[in-house]
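Me: I'd like a close look at one part of this model, namely the sheet that is shared between two chains. Could you take me through it and then through its surroundings?

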Amino acid sequence: MKYNILFGGKAGQGANILTHILAESLAEEGYHVFYYRDYKSLIRGGHGFNVLTFSDKPVHSNESKMDVLVALDEETINLHKKELKKEGVIIEGKHENMYFAGRMYKALGIDFSLLDKKLKELRRYEENLKQAKEGYNSQKKGFEIVKIKKEKRDFLSGSIAITEGAIKSGIDCYYAYPMTPATAVLEHLAQKQKEHGHLTLELENEIAVANAGCGSAITGAKTMIGTSGGGFALMTEALSMCGVAEIPLVFYLAQRAGPASGVATYTAQADLHMARHAGHGEFPRVVLASGDPTETQEITSQAFYLSQKYSCPSIILSDKHLAESYYTSKRKPIITKVGNLTKFGRYNSYEKDSKTGSATEDAEIIKKNVEERKKKWENLKKECEKFNGYKIYGKKDSKNCIVFWGSTKGAILDSIEGLDVCAIQILYIEPFPRKVQKILENKKKIISIENNATGQLCDVIREHTGILISDKNKILRYDARPFLCDELKKEIERKLK
Amino acid sequence: MKTKDTNINTTTKPTWCPGCFNFQILAGFKSFLAGELKKGKSKEDFAICSGIACQGKIFDYVNLNGLNTLHGRELPTALGMKIGNPNLDVYAFGGDGGTYSEGISHLIHAAKQNIDITLTVHNNQVFALTVGQPTAVTEQGYVDKTTPEGVFSKPLNPIKLMLNSNCSFVARVFADVKQVEEVYKEASKHRGFKFIEIIQPCIIFHADKGYKEHLKIIDKKHDVHDFDKAMKLASEWDYDGVDKGSKIPVGIFYKEKRPTLEDKHWQLKKLIKKKKSWKEFKR
C-alpha cells in the first residue's frame, strides 16, 4: 500500500499545517511517511502545494501520480488534475484547512481524538475544531488502508536534524543571516535556546556571520554558521582564514537552485564544487553530505568532532529538498561526541610565526607551516576512514552501480528495489573515501544520479579514482525539482538496458 | 608562587616607517594596558583583534590573545570573540580603509548593537600599505596614480556617522601618546560600543598638513550627553583638508548609558556572572 496525496492552495490558506499534522498522525499510527513542500517565493496568494507519501513499507520520496488531491482552491484542481490517477479522488469545497483535515482523518481511518490532540497545539482551537468536525462528519467513504502496528519513529526534516545534531554536539554559538533554505535552522536553534542554553544571533550580513564565527570559535566556543549558496559565496574569504589560522568553524550550506539568486525556494545539488574549492589558497577542510535526517544528525556531530580535533573548517552540505522535507525514521542516529578542544591564543589570517603569533614572510617558516597543514590533512584523511564515508544499498554484488550523494537518496532507495543494481552513496566528499575506488573498479556500468546539470560527483570520482562516468550514464535533473521515484525507476531501467 | 606574566611586548620588530604616527598609538595603548595590569588585571582579561593594513600590524607588537583578522572585518571578529567569552575586554583596531570602506556595514551595526568592545580607527585618510589610494575620508582633489583627476566627492564624516548610528561612546584624538592613553582610560569606564578615531597622518602618502596646530581640545564644559551639541561639534571639521581657520575638535564628543548586546542575552549574562567562557561553563 502506498498513497500519494497532494495538498494545494494559496499561500496563507494553511495547506502546510494541514499536511504536517496529518503526516505526524500517520507517523504516530506507525506508517512510513515522507512529505515534500513546493512553494514559491511569495508570502500570500499564488499557488503552493505539498505532496505526502505514506506506506506500510519504508518510503523516502514522492511519485508522479496522485491518489488524492486535497484542493483548498480551484487553481489546485486546474493545475494538478493531470497528475491524478484514473481512480484518484479530489477533495474540494469552499472550506478552511481544518475541514479538509477532518475529511482526510476520516478517510484514512484515523481516530478523531488524534486530530483533536493536534488542534489543541494550534491557535484558534474552537474555530478549527468546528471545521474539523464538519469535515469529519461529511466524509462518508473511507480509503482502503492497511492497518499496521504502531511503532515509535522520529519524524524530522533535514533542518530539524541539523539543529538536533548541533545540540547533541554541544553547540555554543550559531550565527546566520536569513536565506532560504537555511533559515529554518536559525529558527529552530533560536527556539531551543532556553532549553539547551546555546546562543543564536542574526548579524548584518554573511561576511559578519563568518567572521563572528571565527572570533567565537577561537575562544573555544563550539560554533556553527549557516547559509545558502549566495551567502556562502560571501563567506569564502573567512573560510580561507579558517584554513590558515586553523579555526574550527562548522559551516552549514543548504543549497538551492542557482546561479546567483537562482530559484529561491527550489532545490539543486549544484554547489558541490563550490564547497570543495571555495576559498583562496590551499588548506585542509571537511565536506560532508547526508541523504536523510538521521544521517544529517550523524554528520553534523562528525563535522563538530573533526573541526575540533583537527582545527579546521567543516562544511555540511544539504539542500532545499532535504532541509524542508519531512521523513520518518526508525534508526536512531549515532552521535560522535567531542569536547571543546580549542585553546584561545594568538591567531592570524596571515601566515604566522608560531613563536610569536605574528605575521611572517620568512620562507622557511612558511614552508614549515604549509607542510604541517599538509600533514594534518593526511591525519584527518586517516581518521575519517573510521566513519561511514560511503554506503552501499540494493544488490551489492550487481555489476551495475549507481553513484550519488545527498538528498537524491530518498528517490534512489525507493526506485532501485527489484532492479539489478546497487547504489553507492558518498557521504564524505572531502576527504573522499579511498575504498570506493576498488568497489567501482569491479563494476561494469556506473550510473550517476544528481540534481544538477553537469554531474559534479562524477568529477570528484574521476579526480580521486581515475574512473570516468560518461555523459550517457548520467541521470541529471536540473529543473530545480527533486526526483520522483517512479519516473526515476524508468530512467534507471533505460540506462541499464 | 609563579609571578604573573605582564609582558605585553612581542619580539616582533615593527615594520612601520621610521617616524610613523602608529608608534604613538602603539605606545599609548601599551601604556594604558600596563596601567591596567598594574591595577591587578591580567593579560588574559584582554583580547586584541585587528584588520589588515598598516594599522593591523599593531597585533604583531602587542602580546595579547586574539586574531589578526581579514581586511575590514575586525568588528564582526571582535564581536565573535566577545560573545565567545564575554568576560574578555576586547580591543579592535581598524584603519580608515578597512573600517570606513570595506567593512563600513559592520561599523554601523556594532554601534547599533552597542556591544561592549572598543574600536580604534587609525585614520590617515589614505590606503597607505597599498601605496596611497584615496579612502572614504580623503579630501576632495587628492591625486594619486589611481585617481589622476583627483577625488571628486566630499569625505565622509565618521563622527557624525557614529552619532547617527546611536554609538554610545564617540571620541576622536590625535596620534599622540598622551592623548591616546587618556582616551583609552576614559573609554574603559564606559560599558557599550566605544568608537575612538585617531587622526594619524601618513608621513609618506598623506603627510601631516598641520593638523596638530588646528586641534581644539573639547572644552571640559561640553555636555557629553547632549546629542545636538555633539553633532554641532562634529560639524566643525569635515575632513576636507584644513585651512587657516580650521578647528579640529578632539576629545569625547558623546556618551550614552544604555543596555549593551550582552545585557540582552541571558546566556552571556550568566557567563559574565560565573566569570567563565563557553568552554569553561558546563551546561
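Me: In which sense do strand 3 and strand 4 of chain B pair, and over how many bridges?

Reply: Happy to help! Strand 3 (residues 89–95) and strand 4 (residues 118–123) of chain B pair in the parallel sense, over 5 bridges. One of the pairs is B:G95, whose bridge partner in strand 4 of chain B is B:H122. Before going on, some ground rules: this is a predicted model, in which local features need pLDDT of at least 70 and side-chain atom pairs count only at pLDDT 80 or more, while totals for chains, interfaces and linings use all residues. Residues are numbered from 1 along each chain as its sequence is written, and chains are lettered from A and ligands numbered from 1 in the order in which they are written. Helices (H or I, at least four residues) and strands (E, at least two) are DSSP runs numbered from the N terminus, and two strands pair if DSSP finds at least two bridges between them.

Now the whole sheet. It is an open sheet of 9 strands with mixed pairing, in the order 14(A)-2(B)-1(B)-3(B)-4(B)-6(B)-5(B)-8(B)-7(B). Its edge strands, each pairing on one side only, are strand 14 of chain A and strand 7 (215–217) of chain B. From one strand to the next the twist averages 20°. Helix 7 (residues 177–187) of chain B packs on this sheet, touching strand 4, strand 5 (169–174), strand 6 (194–199) and strand 8 (248–255) of chain B. The direction of helix 7 of chain B makes about 170° with that of strand 5 of chain B (axes are lines fitted to C-alpha atoms, for helices over the stretch in contact, and angles run from 0 to 180 degrees between N-to-C directions).

The chain A edge is where the two chains join: strand 14 of chain A and strand 2 (residues 66–68) of chain B run parallel and are linked by 3 bridges. There, A:Y347 has B:L67 as its bridge partner. Over the whole interface, 34 residues of chain A are in contact with 29 residues of chain B, a contact being two C-beta atoms, placed from the backbone, within 7 Å. On the chain A side, helix 9 (206–218), helix 10 (229–245), strand 14 (346–348) and strand 16 (358–359) each supply at least two residues. Helix 9 of chain A has the largest share, 9 residues. By class, the chain A side holds 16 nonpolar, 14 polar and 4 charged residues (Ala, Val, Leu, Ile, Met, Phe, Trp, Tyr, Cys and Pro count as nonpolar, Asp, Glu, Lys and Arg as charged, and the others, Gly among them, as polar).

Chain A also has a sheet of its own, an open one of 7 strands in the order 5-4-1-3-2-13-6, again with mixed pairing. Strand 5 (84–91) and strand 6 (154–157) of chain A are its edges. Strand 4 (residues 66–71) of chain A runs parallel to strand 5 of chain A, with 4 bridges joining them, and A:V68 stands opposite A:V89. Helix 1 (residues 15–28) of chain A lies across several strands, including strand 3 (45–55) of chain A, to which it runs at about 5°.
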